[in-house]
Amino acid sequence: MSFAVAVDGPAAAGKGTIAQAIAEHFDFQYLDTGLLYRAVGLAHLHGFKNLQKVAQKLDQQSLMHPMLRTPAVSKAASEVAKIAEVRAALVNFQREFIKRSKGAVLDGRDISTVICPNADVKLYVFANQKIRAKRRQMELKNRGISVDLKKVQNDLRMRDDVDMKRVEAPLQIASDSIRLDTSTLSVKAANQQAIEIVNQKLNTKSI
Ligand code: CDP
């Protein structure tokens, strides 16, 4: 039986960093589910019309495209993520990933609520918006993309708004999620807290 860790939260809150640290520490498989929506968003920007089909045909290769982290693709991902058929087409990919792993960590928006409501650990990772904007600006800078802080913050605000207000699988805090505010935490401290939470749960469940 697989052990599942769901990590949800708003844009640029540090979900990916924490999810990867958990996966590395416990030797679990990691899936960044945002990449699935980003890949469909990129296809949309490239003019593909049948996005349900694009979503059904995604493979590991399509999740490695160098453009996936650009601001334009972030916005497109959030737009296509509203489409019920696209979301439905991606459910199996994510559930199969969990099923075939001894331990799996997935980060996204609806992992705790829709994809894996029975996850062993549910984390809701968040941070104040200005701090998230600064982190995302730095991340983009490290990728060679220079964007004004105000624009980054505005993009995050708009995307959070779309992600929280959409009808299909909106970003919500599950009632049994543990909240992790990373606003004032170093990467190391945030990772340690998350690992400790998973560790406590693992100690009460043998895999
Ligand atoms: O890295 P960041 O938090 O900025 O975004 P991401 O996790 O890569 O997700 C990009 C977009 O995909 C989000 O703004 C959501 O609209 C969508 N998404 C979703 O709807 N459901 C998920 N499980 C993951 C991402």
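Read along its sequence, this protein follows the pattern β-α-β-α-α-α-α-β-α-β-α-α-β-α. The model you are looking at is predicted. In total, the protein has nine helices and five strands. Its radius of gyration is 16 Å, close to the 17 Å that the globule rule gives for 207 residues, so the protein is as compact as a globular protein of that length. If you picture a box drawn along the principal axes, the C-alpha atoms fill roughly 50 × 40 × 30 Å.

Now let us turn to the ligand. Where does the ligand sit? The space it takes is the largest pocket. Three elements each give two or more residues to the shell around the ligand: α2 (34-45), α4 (71-80) and α8 (149-165). Of the elements, α2 gives the most to this shell, with three residues.

How many residues surround the ligand? There are 18 of them, and the closest are K15, R38, R87, R159 and D163. Sorted by class, the shell holds nine charged residues, five nonpolar ones and four polar ones.

Some of these contacts can be followed atom by atom. The table lists three arginines, each with the distance from an N or O atom of its side chain to an oxygen atom of the ligand.

| Residue | Ligand atom | Distance |
|---|---|---|
| R38 | oxygen | 2.6 Å |
| R159 | oxygen | 2.8 Å |
| R109 | oxygen | 3.0 Å |

Around these contacts, how much of the ligand does the protein cover? On its own, the ligand has 530 Å² of accessible area, and the protein covers 97% of that.

When you explore the structure, α2 (34-45) is a good place to begin, as this helix gives three residues to the shell around the ligand. From there, you can look for R38, whose side chain has an N or O atom 2.6 Å from a ligand oxygen.

Definitions and conventions. Residues are numbered from 1 along each chain as its sequence is written. This is a predicted model: local features need pLDDT of at least 70, side-chain atom pairs count only at pLDDT 80 or more; totals for chains, interfaces and linings use all residues. Side-chain values use heavy atoms; hydrogens and water are left out. A residue is near a molecule or strand if one of its heavy atoms lies within 4 Å of it. A polar contact is a pair of N or O atoms within 3.5 Å; within protein, one must be able to donate a hydrogen and the other to accept it, and residues adjacent in sequence count only if both atoms are side-chain atoms. Accessible areas come from the Shrake-Rupley method with a 1.4 Å probe; for residues, only the protein chains shown count as cover. On a 1 Å grid over the protein atoms alone, a cavity is a set of points where a 1.4 Å probe fits but cannot get out, and a pocket is an open set with protein on both sides within 12 Å along at least five of seven lines; lining residues have an atom within 4 Å of a point. A molecule sits in a cavity or pocket if more than half of its atoms lie within 2 Å of its grid points. Helices (H or I, at least four residues) and strands (E, at least two) are DSSP runs, numbered from the N terminus. Ala, Val, Leu, Ile, Met, Phe, Trp, Tyr, Cys and Pro count as nonpolar, Asp, Glu, Lys and Arg as charged, and the others, Gly among them, as polar. The radius of gyration is taken over C-alpha atoms; the globule rule is 2.2 Å times the number of residues to the power 0.38.
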